[in-house]
Each structure stands twice: as C-alpha cells, then as structure tokens.
Amino acid sequence: MEWWSGREVGANSYPGFMQMIVLGSNGTYPTAGRPASGYLVSDAKTRLWMEAGPGTYLALCNEMDPTEIDGVILSHRHPDHCSDFFALYHALAYGPNSGKPVPVVCPPDLAEALSAFLHDPPTLGSVFRFIPSTGGDTVRLGTMEISLALSNHPPPTLAPRITVNGRSLTYTADTGPSEALTEHATGSNVLLAEAGSGGGSSGRPYPYHLTGSEAGLMAAAAGVGRLVLTHIPAYVDPEQVLQEAEAEFKGRVTLAVPGTRIAV
C-alpha cells in the first residue's frame with residue numbers, strides 16, 4: 001500500500017525551513033519495523049527529538065549522532081512516548097560526550113518521574129536540563145520557538161507548536177477532542193495529529209484519543225495546510241483512519257510512516 005512506502009517525493013530539507021522525519025508512529029506499543037511515537041524536527045541549525053517512544057532511539061541513530069541533539073520534547077509520562085529517553089541518558093552519561101546539558105521540555109510530573117527512576121542526580125544534572133511546563137508558555141530552543149498547550153489526556157500532556165521563520169508544525173500529542181487544542185493549532189502549516197481510536201466517535205470506550213474523523217474535524221476547524229495522522233495502534237486499520245479523516249478535511253491528509261520526511 002502507498003501509506004507503507006515511507007519516503008516522500010519532494011519533502012527535502014531546505015536551508016531556513018523546517019523538516020520533520022518520522023522515526024516511529026505506532027500507538028501503544030511498537031511492532032517490527034514500526035517504532036512507537038518519535039519525530040526528528042530540524043532546520044539548518046537546530047535538531048529536536050520530539051517523543052522518545054520505544055524503538056525511536058535506534059531510528060534516530062540512523063539519522064544523526066543522538067549525543068548531538070539540541071533538545072528533547074516529551075509530551076507525557078506514558079511509556080510509548082518516553083521510554084527511549086533512557087537510551088539517550090546512557091549515551092550522554094557514559095559515552096564520549098562533553099557538551100552542555102541537553103534541554104528537555106516536558107510536564108513537571110514527567111521530569112520528576114524520570115529523575116526518580118534514574119536515581120542518579122549528579123549525572124542526570126550534568127547531561128540534561130529539564131524545562132518543566134504546565135502549558136500556556138513559550139520556550140525557545142535554538143532557532144525554534146515552541147509554544148505549549150495542554151491536550152485532553154489524563155496525565156498532564158503537552159502539545160507543542162514549533163515555529164521557524166513564520167512556518168509552524170503543531171503536534172497534538174495524545175488527546176481527545178479539544179477546542180483549546182484546535183485554537184492552538186489554528187493556521188499551522190502541518191498538523192501532526194494522533195488518531196489512536198479506530199472507528200467513528202460514537203460508542204468508543206476511551207474518550208482521550210482521536211478518531212480519524214475527529215482528527216479531520218480538528219484540522220478543518222483549525223484551517224491547517226496539511227494533516228498527518230499518527231499514533232495508530234497495530235490493531236487499527238490505518239486505511240480506515242485515513243478515509244475517516246479525508247471525509248472531514250479537504251486538504252492533504254497522509255499517514256505518518258517511519259522514514260517519511262515532511263517539509264513544513
């Protein structure tokens with residue numbers, strides 16, 4: 001199927017422009033060749049690792065030396081979004097690294113949980129600089145301005161909007177329908193939206209993930225340029241999710257596939 005092919009014609013990296021490389025996009029857990037959530041967002045000067053789901057550290061290794069990353073964004077504490085953070089910690093703490101601490105934008109409870117799990121405060125502080133956020137603020141990492149909102153998800157979950165030279169990528173992270181998040185994404189060039197619930201919105205057991213239809217409705221209401229669907233579990237048919245979104249959003253809709261490069 002076309003959605004499985006990965007690379008995208010014309011999605012090259014241009015100086016001064018932003019690019020997103022999909023490292024992984026499975027919801028809930030990884031499968032062979034399909035890591036969980038993870039994205040490398042970069043321009044000519046700054047490289048950010050957004051989400052560190054299982055399998056994405058090795059995918060990141062295929063794109064760059066992870067110890068040269070300029071920053072990390074972790075949306076929330078669920079393991080399918082942050083567990084590979086520990087691989088980066090080991091690489092920075094015990095590998096040939098002598099650089100400045102890497103900034104990590106995340107909710108306060110996640111910063112505390114990671115610190116408690118690692119139980120190595122001196123080393124942790126030498127390789128990471130946590131920037132906790134509860135949403136509503138803006139952080140600048142290198143050339144990238146990152147405005148943060150809270151999504152509609154049970155643990156505190158950050159939805160970043162990354163802007164470079166007036167062009168924006170908004171990532172919903174895990175979320176249910178949210179008017180505030182729709183407003184946060186308004187006018188974005190690319191909306192990277194989770195669509196972890198299969199089928200229509202009626203009668204679903206968990207209200208804190210989007211269906212394909214709801215992702216399409218959010219994209220249409222926000223007036224974005226393009227919708228990219230991600231966080232689709234292995235047990236959900238991605239073609240059905242894609243068709244649901246296309247029925248609600250008349251712009252370009254694609255599925256996030258590992259290896260895909262998307263120019264923002």
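Ala247 sits in helix α8. In this predicted model, Ala247 is partly exposed, because its relative accessible area is 47% and a residue has to go over 50% to count as exposed. Pro35 makes a handy far-off reference point: the C-alpha atoms of Ala247 and Pro35 are separated by 28 Å, with the two positions 212 residues apart along the chain.

Helix α8, which covers residues 238-248, has a partner in helix α7, residues 212-222. The axes of these two helices come within 7 Å and cross at roughly 35 degrees. As for handedness, the crossing of α7 past α8 is right-handed. On the α7 side, the contact is made by Gly212, Ser213, Gly216, Leu217 and Ala220. The α8 side brings in Val241, Glu244, Ala245 and Glu248. Sorted by class, the contact between α7 and α8 is a mix of 4 nonpolar, 3 polar and 2 charged residues.

Moving on to strand β13, residues 226-230, Arg226 is found there. Arg226 is buried, since its relative accessible area is 8% and the limit for buried is under 20%. The side chain of Arg226 also has a polar contact, at 3.1 Å, with the side chain of Thr254.

Next come the aromatic rings. A pair of aromatic rings is described by two things, the distance of the centres and the angle of the planes. Searching the whole structure turns up 10 aromatic pairs. One of them is formed by Trp49 and Tyr57, with ring centres 6.2 Å apart and planes at 50 degrees, so this pair is tilted. Both partners are tucked away from the surface: Trp49 is buried with a relative accessible area of 0%, and Tyr57 is buried with 15%. Another pair joins Phe128 and Phe130, where the centres are 6.3 Å apart and the planes stand at 40 degrees, so the pair is again tilted. Here the two partners fall into separate classes. Phe128 counts as buried at 3% relative accessibility, whereas Phe130 is partly exposed at 21%. Phe128 and Phe130 also belong to a cluster linked by ring pairs, together with Phe85, Phe86, Tyr89, Tyr94 and Phe117.

Helix α4 spans residues 108-118, and its buried residues are Asp109, Leu110, Ala111, Leu114 and Leu118. What lies over them? The cover includes three helices, α2 (79-82), α3 (85-94) and α5 (121-127), along with the strands β6 (102-106) and β7 (128-132). Just after α4 ends, His119 takes a positive phi of about 50 degrees.

Positive phi values turn up elsewhere too. Thr28 is not a glycine, yet its phi is positive, at about 75 degrees. Thr28 belongs to the loop between β2 (26-27) and β3 (38-42), and Thr28 is partly exposed, with a relative accessible area of 43%. Glu51 is not a glycine either, and has a positive phi of about 75 degrees. The setting of Glu51 is strand β4, residues 47-52. Is Glu51 buried or exposed? With a relative accessible area of 0%, Glu51 is buried.

The last stop is Thr143, in the loop that runs between β8 (138-141) and β9 (144-150). Thr143 counts as partly exposed, at 26% relative accessibility. Leaving aside residues up to four places away in sequence, Thr143 touches Asp43, Lys45, Thr46, Thr163 and Val164. Two of these neighbours deserve a closer look. The side chains of Thr143 and Asp43 are joined by a polar contact of 2.5 Å. Thr46 is the partner in another polar contact, side chain to side chain with Thr143, at 2.9 Å. For a sense of scale, the C-alpha atoms of Thr143 and Ala87 are separated by 26 Å, and the two residues are 56 residues apart along the chain.

Technical notes:
Residues are numbered from 1 along each chain as its sequence is written. This is a predicted model: local features need pLDDT of at least 70, side-chain atom pairs count only at pLDDT 80 or more; totals for chains, interfaces and linings use all residues. Side-chain values use heavy atoms; hydrogens and water are left out. Axes are lines fitted to C-alpha atoms, for helices over the stretch in contact, and angles run from 0 to 180 degrees between N-to-C directions. Helices (H or I, at least four residues) and strands (E, at least two) are DSSP runs, numbered from the N terminus. A crossing is left-handed if the near helix is turned anticlockwise from the far one by less than a right angle, and right-handed if clockwise. Contact means heavy atoms within 4.5 Å. Ala, Val, Leu, Ile, Met, Phe, Trp, Tyr, Cys and Pro count as nonpolar, Asp, Glu, Lys and Arg as charged, and the others, Gly among them, as polar. Rings of Phe, Tyr and Trp (its six-membered ring) pair if their centres lie within 6.5 Å; planes under 30 degrees apart count as stacked, over 60 as edge-to-face and the rest as tilted. Buried means under 20% relative accessible area, exposed over 50%, partly exposed in between (1.4 Å probe, protein chains only). A polar contact is a pair of N or O atoms within 3.5 Å; within protein, one must be able to donate a hydrogen and the other to accept it, and residues adjacent in sequence count only if both atoms are side-chain atoms.
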